[in-house]
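Hi,

Here is the structure I said I would pass on. Have a look first, and my notes follow below.

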Amino acid sequence: MSMTQHAEPAVGTPPAPGRKESDGRTKQRPPVLRLLARPEVGVFLGAVAVYVFFLIAAPPVREGSAMANILYQSSTIGIMALPVALLMIGGEFDLSAGVAVITSALTASMLSYQLTMNVWVGVVVALLVSLGIGFLNGWMVVKTGLPSFLITLGTFLILQGVNLAVTKLVTTNVATDDISDMDGFAQAKKIFASSFEVGGVQVKITIVYWLVFAAIATWILLRTRYGNWIFAVGGNKESARAVGVPVTFTKISLFMLVGFGAWFVGMHQLFTFNTVQSGEGVGQELIYISAAVIGGCLLTGGAGSAIGPVFGAFMFGMVQQGIVYAGWNPDWFKAFLGVMLLGAVLINLWVQRTATRR
Amino acid sequence: MDSSSPFRSRRIAPAVALAAAVTLTLAGCSSSSGGKKSEESADGASAGKASTPQMTVALVTHQSPGDTFWDIVRKGAEAAAAKDNVKLVYSADPNAGNQANLIQNAIDQKVDGIAVTLAKPDALKDVIAKAKTAKIPVVGLNSGVSEWKNLGLMEFFGQDETVAGEALGNRLNSEGAKKAVCVIQEQGNIGLTQRCAGVKKTFSGTTETLYVNGTDMPSVKSTITAKLSQDKAIDYVVTLGAPFALTAVQSKADAGSKAKIATFDLNKDLTSAIDKGTIEFAVDQQPYLQGYLAVDSLWLYKNNGNYMGGGEQPVLTGPAFVDKTNVDAVASFAAKGTR
């Protein structure tokens with residue numbers, strides 16, 4: 001469903017005129033290999049392997065409610081992994097993404113509580129704040145030309161400190177107050193944190209948003225001019241600029257997209273748990289980035305897809321919950337997770353190497 | 001000039017309109033329930049102020065930022081400092097080496113007393129010896145109940161985590177529980193491990209440990225859900241912090257489990273959950289008291305030469321059970337964030 005920086009023709013596109021099939025140098029590789037060379041195929045196979053593994057090892061996984069729980073865990077990672085992946089395809093990445101989620105939730109919660117406003121006021125202001133943080137990240141990266149690692153490491157630390165200090169200043173505690181009895185809460189909860197029943201199984205709405213966002217991101221990447229710009233600025237910024245791609249706009253908007261994701265997940269957390277602790281979120285940025293990398297997005301930019309990170313996030317959720325469903329010794333929890341993920345990345349690498357060899 | 005005026009008004013008018021619209025919208029968006037307006041005006045504990053000359057006390061903990069528990073410890077310390085005319089210098093770092101540096105910093109400042117937490121006692125041994133050489137009294141609080149005397153501390157205020165765990169285990173027995181899961185939110189934390197070990201020791205049913213990622217609530221929620229649906233025999237979930245207990249309530253609903261929930265440590269949302277009956281009980285180690293007594297003891301030592309616990313025994317601040325029978329008395333203090 002995706003393309004790489006080498007502008008591989010999309011499936012179904014007729015060969016360019018003037019290019020003869022008979023010319024040995026341009027001879028197309030077999031379709032199976034071409035399919036395997038796609039960035040998301042490796043992770044897809046990895047995800048299937050992990051899924052089948054736990055299906056055998058952990059009997060409760062076979063039930064629908066377990067799958068709903070695994071998918072819920074995956075979706076809270078996956079919704080953020082999507083914009084993070086797009087940003088990485090665009091050649092940058094964002095270390096502040098984890099704490100930005102909490103910043104957004106804290107903003108919405110404290111604003112509505114302290115001013116005794118309808119919670120929707122907080123939700124809207126939080127969106128503006130999140131987009132603003134994204135804009136600032138992008139603007140600084142583009143204007144200074146410094147690596148996004150440094151810029152967003154800075155904002156990561158700033159946000160971490162601000163989250164704590166401002167919460168303490170405003171609420172005199174380090175957690176926000178419970179807003180569940182305020183106007184607009186029930187409505188916002190319906191939108192950001194409700195669940196519905198499918199065949200007797202409670203399904204969380206974030207799963208739907210996750211898949212819809214993934215579909216939109218895929219469409220943007222493959223079918224729009226903006227999608228081409230993302231690949232172009234990630235592949236080679238200077239040549240992209242030379243052929244008229246608005247590099248500044250593309251990069252800043254990608255950072256703002258991460259801001260949007262942070263807002264969305266932040267609202268989900270706020271309306272699920274009613275209060276937010278200001279110290280949360282640290283370390284989540286690495287999980288989002290891992291999901292994107294496992295999903296086939298290169299750390300160097302210019303390649304990747306939107307569907308890959310969906311499988312990447314699914315693998316995280318599957319492994320994390322699968323260990324618990326299997327009832328294994330929890331002391332080994334993190335080690336299991338690491339082995340599984342390394343294994344997935346290796347499968348990914350091997351599949352791609354085999355497919356592109358020749 | 002004529003040509004510019006329509007231009008200017010065209011720019012200003014929408015701005016004014018927008019500002020007016022925003023103001024009106026915001027005014028119309030007030031919440032009629034909840035929010036700060038409904039919060040009762042809460043006064044902090046105050047008991048006058050000592051006329052003794054000002055002294056400086058350093059409180060150095062292993063707090064990680066943004067944790068509600070430590071905030072309560074600090075509030076207790078601040079209340080005692082205000083009462084005793086003490087200048088309180090608070091600093092914290094979860095990394096033991098950094099915590100040692102902060103204690104050295106306090107020694108260099110020539111403070112009149114130091115209160116420390118002993119989460120990793122070995123790392124603090126040398127620097128505490130230095131404080132002794134500098135003739136600065138040092139007291140311990142919160143963690144290190146078995147090490148404080150070896151390190152030469154004057155007094156200790158806190159809960160014996162193992163004792164607290166054992167108390168909770170006994171309580172589970174009397175509630176008739178058969179299988180408990182003990183949820184640890186931070187892997188490798190000694191105090192948390194001791195709590196679960198204490199539960200395991202006295203609880204006559206079976207105890208399992210479950211590790212969750214405490215910085216990511218959605219994952220805490222789904223991991224507990226997974227555990228509850230994997231093992232239907234679990235009839236008690238024991239969490240080691242108030243926010244995790246509240247999350248476990250949702251996990252329980254998601255998993256369709258009948259397990260009951262108990263926890264260590266309190267906060268204001270937890271007291272209302274106990275009141276509503278969604279959480280059975282909490283073991284409170286009274287963090288406010290730990291901070292308060294640590295500072296107050298240094299003041300008493302300086303001004304009257306007193307030792308609490310006689311310098312031999314720790315002063316235990318827990319385990320104090322909070323359940324439906326006494327939650328009302330605790331709730332108003334928890335609402336202020338001091339209990």
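Let's start in chain A: right after helix α13(A) comes A:Gly327, which has a positive phi, near 70 degrees. (Helices are DSSP runs of H or I of at least four residues, strands are runs of E of at least two, and both are numbered from the N terminus.)

Before going on, some housekeeping: this is a predicted model, where local features need pLDDT of at least 70 and side-chain atom pairs count only at pLDDT 80 or more, while totals for chains, interfaces and linings use all residues. Residues are numbered from 1 along each chain as its sequence is written, chains are lettered from A and ligands numbered from 1 in the order in which they are written, and side-chain values use heavy atoms, leaving out hydrogens and water.

Back to α13(A), residues 307-326: its 20 residues should span 28 Å at 1.5 Å a residue, and its end C-alpha atoms are indeed 28 Å apart. (The expected span is 1.5 Å times one less than the number of residues.) Of those 20 residues, 18 are buried, so the helix is largely enclosed by the rest of the structure. Buried means under 20% relative accessible area, exposed means over 50%, and partly exposed is in between, using a 1.4 Å probe and protein chains only.

Chain A as a whole has 14 helices and 2 strands, and 54% of its 358 residues are buried. Its exposed area is about 15,200 Å², with 69% supplied by carbon and sulfur atoms. (Areas are from the Shrake-Rupley method with a 1.4 Å probe; for residues, only the protein chains shown count as cover.)

Now for chain B, which has 11 helices and 12 strands. Here 52% of the 339 residues are buried, and about 14,900 Å² is exposed, 53% of it from carbon and sulfur atoms. Its C-alpha atoms fill a box of roughly 90 × 60 × 35 Å along the principal axes.

The helix to look at there is α3(B), residues 96-108. Its buried residues are B:Ala96, B:Gln99, B:Ala100, B:Ile103, B:Ala106 and B:Ile107. Seen down the axis, they fall within an arc of 110 degrees, so they line one face of the helix. (The arc is taken from the directions from the helix axis to the C-beta atoms.) What do they pack against? The partners are β1 (55-61), β3 (113-117) and α4 (121-133) of chain B. On the other side of α3(B), B:Asn101 and B:Asp108 are exposed.

Cheers

Technical notes. Arc of directions from axis to C-beta. Contact = heavy atoms within 4.5 Å.
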